[in-house]
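Hi there,

Here is the structure I promised to pass on to you. Have a look at it first, and then read on for my notes.

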Amino acid sequence: MFKRLHLSFLIFVSTFLRAGETITVKGSDTMVILNQRWAETYMAGHPGIVIQVTGGGSGTGISALIAGSTDVCAASRPMKPEEVEQIRRKQGAPPVETPVAKDGVAIYLNASNPVNALSMGQLRSLFTGAAVRWSVVGGEDRRVVLYSRENNSGTYVFFKEHVLKNDDFSDYALTLPGTAGVVNAVSRDPAGIGYGGSSSKTAGIKVCAVRPDDAHPAVLPAEENILSGAYPVSRDLYYYTAPAPKGAVKDFLAWVLSGDGQAVVVRAGYFPVKKKTP
Amino acid sequence: MKSSKPVSERVIEGFIHASAAVAIVALVMIFVFIGKEALPVLTSPAVRKEASVAKLFLPQSPGAGQPAKFSWQPVSKVPKYSLWPLFVGTIKATLVAMIFAIPLALGAALFTSEFSPDWLKEIVKPVIELLAAIPSVVLGFLALIVTASAVQRYFGLDFRLNTINTGIALALAVVPIVYTVSEDALSAVPTAFRQGSIALGATPWQTAWRVVVPAAFPGLFAACVLGFGRAIGETMIVLMASGNAAVLSWNPGDPFRSLSATVAAELGEVVKGSPHYHVLFFIGVLLFIFTFLINFAGQQFVGRLKEKLTGAR
């Protein structure tokens, strides 16, 4: 809630400062903090440029880009072909995709859980409800309590596509607002398992290592594993522009990918992208 | 006759009439608005392809070859909008809340109106009524953070966020309503009833239980109905403490997802004009009709009982 307040304050202030050029960034809730840090740092070094950041979800940002009501769309998932097609029709050209950061979706367990590592297959059977007891994956004989996100969250969609292979979540998956809510709930529930952005740290939880398949060892969502691609539940975060970026927007995007911009990524708890490689 | 009234009085009268009209107009407008947004579920072919009324109420297969079931999975390759898990969740939580709230509230009302000394009543009544002033988000927070683990341990449940825990928090929101209305009903029973009963040799308890309670019964019933309506529509407590899992289960140890919390959680970010959006408004209409019918039925029942008990009209 404070995040929202803070944002609306920023927008409120920025409407008064609209002296120079304004860049609007809209989309993913996961990326809101990151976008905000980028905006603050960039505006401090570039007086005359105003960057307005709003959240609402990746889908909201993409809709805004289709409608032409935002300069930059922040998305925690790649655009779907039909969305690209809609932009091509409306704007005359396909959107330009720029991976700007990497994010690992961490699996959280209660600190008292004897399980330390799970394979992608085990995660899938837990979250689809095929396995309902911890003993199936080498834990205690108690019911698995799944903590998930609301179904409009980019993280929910990412997890569903990459881990559940588009199967439905179990009906018994509890949904909570935000990664913080999930982490909090898991910290209080010895039988809990949840997922969320890898930058959350709270007492009483531990991060579960994930095995991509039986041939590979289990890895934690640490920086080197996410950058090397060894950690299987990671994703790129994108900036989309349509039409191709020019002027102030182009400068901003170039700065985001520069050393300064990527340093902000690390400070915000995400992982840098190597330039030009998705 | 009317012209004999002073102008100021007529202005005030007009103002009061207008106020009453505003309430009615607002109610109608609200219904028209949510009705308009819900209508595509019945009329629009594009929406009906994904979420027709049959799909809202009949079981659907989650994928090729899998058995059909009732599930609420609006974001899916095959979106599923079965309302049964939400109905069952809402009713289940409301019933649990009533099981906790009614004995407490009616007992407290009977105590303060029949047995307690006046000074004690002066304390108890305002304190219970003050419960109604606690914002529901506070009750929800309390249930989520404080009572959940205790309730889970006490009942030995699999889930921290379960229906019993949420029901207890809901009961806290319901108690003041049931208490206030039933206390008023009991106090409204004429003193002559009590004096007559005592004079015939009945004990105070016999008087309260066999004379006052039956006489006040319509009021007590109305109190319960109002409490029921409050519990069904309550959103914040449920949103925070229920776990919001759309489970089709009557087990009070399971989590649940209520109709109102579903609208609250999903309407904010749903794509406007999508089938999902219209289904959420359809749920709004159902909730509206639901509470309206409950209140209406309750009132009818109360009216008939009143006739029978007073033998009049």
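Below is what I found, going from the domains of chain A to its strands and helices, and then to chain B.

Please keep in mind that this is a predicted model.

**Domains of chain A**

The domain assignment splits chain A into domain 1, made of 20–102 + 236–267, and domain 2, which covers 103–234. Their C-alpha centres are 28 Å apart. Where they touch, ten residues of domain 1 of chain A are in contact with eleven residues of domain 2 of chain A. On the domain 1 side, that contact consists of two nonpolar, five polar and three charged residues.

**Strand β3 and its partners**

Strand β3(A) spans residues 72–75. Its side chains alternate: A:V72 and A:A74 point one way, A:C73 and A:A75 point the other way, and all are buried. β3(A) pairs with β1(A) in the parallel sense over three bridges, and A:K26 has A:C73 as its bridge partner there. β3(A) is also joined to β10(A), by four bridges in an antiparallel arrangement. In that pairing, A:C73 has A:Y240 as its bridge partner.

**Helix α3**

How many of the ten residues of helix α3 of chain A are buried? Eight are, so this helix (residues 58–67) is largely enclosed by the rest of the structure. The buried residues are A:S58, A:G59, A:T60, A:G61, A:I62, A:S63, A:L65 and A:I66. They pack against β1 (21–27), β3 (72–75), α4 (81–91), α6 (154–162) and β10 (234–241) of chain A. Following the helix comes A:G68, with a positive phi near 75°.

**Strand β8**

Strand β8 of chain A, residues 192–197, is mostly covered, with six of its six residues buried. Which strands pair with β8(A)? One is β4 (residues 96–110) of chain A, which pairs with β8(A) in the antiparallel sense over five bridges; here A:A106 stands opposite A:G196. Another is β6 (residues 145–149) of chain A, which runs parallel to β8(A) and is joined to it by three bridges. In this pairing, A:V145 has A:G192 as its bridge partner.

**Helices α9 and α10**

Helix α9 (residues 247–257) and helix α10 (residues 259–267), both of chain A, have axes that come within 4 Å and cross at roughly 60°. That crossing angle makes α9(A) oblique to α10(A). The contact brings A:W255, A:V256 and A:L257 of α9(A) together with A:D260, A:G261 and A:Q262 of α10(A). By type, the residues of this contact are three nonpolar, two polar and one charged.

**Chain B and where it meets chain A**

Chain B has 13 helices and two strands. Its C-alpha trace spans about 75 × 65 × 35 Å along the principal axes. Of the 313 residues in chain B, 38% are buried. Among the contacts in chain B with a separation of 6 or more, 72% are between residues 24 or more positions apart.

As for the interface, 24 residues of chain B are in contact with 20 residues of chain A. What is the make-up of the chain B side that touches chain A? Its residues divide into 13 nonpolar, six polar and five charged.

That is all from me for now. Happy browsing!

Best wishes

Technical notes. Residues are numbered from 1 along each chain as its sequence is written. Chains are lettered from A and ligands numbered from 1 in the order in which they are written. This is a predicted model: local features need pLDDT of at least 70, side-chain atom pairs count only at pLDDT 80 or more; totals for chains, interfaces and linings use all residues. Axes are lines fitted to C-alpha atoms, for helices over the stretch in contact, and angles run from 0 to 180 degrees between N-to-C directions. Angles under 35 degrees count as roughly parallel, over 145 as roughly antiparallel, 65 to 115 as roughly perpendicular and the rest as oblique. Two residues are in contact if their C-beta atoms, placed from the backbone, lie within 7 Å. Ala, Val, Leu, Ile, Met, Phe, Trp, Tyr, Cys and Pro count as nonpolar, Asp, Glu, Lys and Arg as charged, and the others, Gly among them, as polar. Domain bounds come from an automatic or database domain assignment. A residue is buried if 20 or more other C-beta atoms lie within 10 Å of its own, exposed if 12 or fewer, and partly exposed in between; C-beta atoms are placed from the backbone. Two strands pair if DSSP finds at least two bridges between them.
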